Amino acid sequence: MAKGNKFTGGGVNQNRNAMMQRVQKMQEDMERMQNEINEQTVEGTAGGGAVTVVMKGNRDVVSVSLKPEIVDPDDIEMLEDLIVAAVNEAGSKAGALMEEGMAGITGGLNIPGLF
């Protein structure tokens, strides 16, 4: 009797092993890429550059800069809104950075929960 058949033969195990190696390499590539992106910075601005937020790729805020003329003690709400807008813009850019990096590794395949 021949060893293995088309369902349990060595070919299936070889394919499974090859697939596991590809998955492991993809995981390693994703981790490396994520570490690189986490160190990159993006910038969000609001109010024509009056408020600038610098954020890392992992969405940690590095700095917030305000032009002195934007600080009006009688209109704190406007300043708060500008800061929120700048943070949101920087966050969107950080998210896009991560999506671009992941797409390069996954070949554009959308894997739920990945990012």
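Colleague: What makes lysine 25 and aspartate 29 a salt bridge?

Modeller: This is a predicted model, to start with. The closest N and O atoms of lysine 25 and aspartate 29 are 2.9 Å apart, and the cut-off is within 4 Å, so the pair counts as a salt bridge. Both residues sit in helix α1 (residues 10–39), 4 residues apart, about one turn of the helix. Lys25 and Asp29 also belong to a network of salt bridges that takes in Arg32 and Glu36.

Colleague: Why is aspartate 29 called buried?

Modeller: Its relative accessible area is 18%, and buried means under 20%, so aspartate 29 falls in that class. Lysine 25 comes out at 47%. Partly exposed runs between 20% and 50%, so lysine 25 is partly exposed.

Colleague: What about glutamate 39 and lysine 56, and why say that the pair ties parts together?

Modeller: Their side chains meet in a salt bridge at 3.4 Å, N to O. Glutamate 39 lies in helix α1 and lysine 56 in strand β2, so the pair links parts that are 17 residues apart in sequence.

Colleague: Why is glutamate 39 called exposed?

Modeller: Exposed means over 50%, and glutamate 39 has a relative accessible area of 55%, so the label fits. Lysine 56, at 25%, counts as partly exposed.

Colleague: How do you know that lysine 93 and glutamate 89 are separated by about one helical turn?

Modeller: Because they are 4 residues apart in helix α2. They form a salt bridge too, with the closest N and O atoms 3.2 Å apart. A search of the whole structure finds 5 salt bridges.

Colleague: Moving to the nonpolar side, which elements give two or more residues to the largest nonpolar core?

Modeller: That core has 12 residues in all, including Val42, Ile70, Leu79 and Ala86. Two or more residues each come from β1 (41–46), β2 (51–56) and α2 (76–106). The largest share, 5 residues, comes from α2. Apart from this core lies another, of 5 residues, among them Met30, Met33, Ile37 and Met98.

Colleague: What is alanine 86 in contact with, leaving aside neighbours within four places in sequence?

Modeller: Gly44, Thr45, Ala46, Val51 and Val53.

Colleague: And what makes valine 64 fit for a surface patch?

Modeller: Valine 64 has a relative accessible area of 42%, and patch residues need over 30%, so it clears that bar. Valine 64 is found in strand β3 (residues 61–66). With Val61, Leu66 and Val71, Val64 forms a nonpolar patch with about 300 Å² of accessible area together.

How values were computed
Residues are numbered from 1 along each chain as its sequence is written. This is a predicted model: local features need pLDDT of at least 70, side-chain atom pairs count only at pLDDT 80 or more; totals for chains, interfaces and linings use all residues. Side-chain values use heavy atoms; hydrogens and water are left out. A nonpolar core is a set of buried Ala, Val, Leu, Ile, Met, Phe, Trp, Tyr and Cys residues joined through side-chain atoms within 4.5 Å. Buried means under 20% relative accessible area, exposed over 50%, partly exposed in between (1.4 Å probe, protein chains only). Contact means heavy atoms within 4.5 Å. Patches are made of residues with over 30% relative accessible area and no salt bridge: like charges are joined within 9 Å, nonpolar side chains (Val, Leu, Ile, Met, Phe, Trp, Tyr) within 5 Å. Accessible areas come from the Shrake-Rupley method with a 1.4 Å probe; for residues, only the protein chains shown count as cover.
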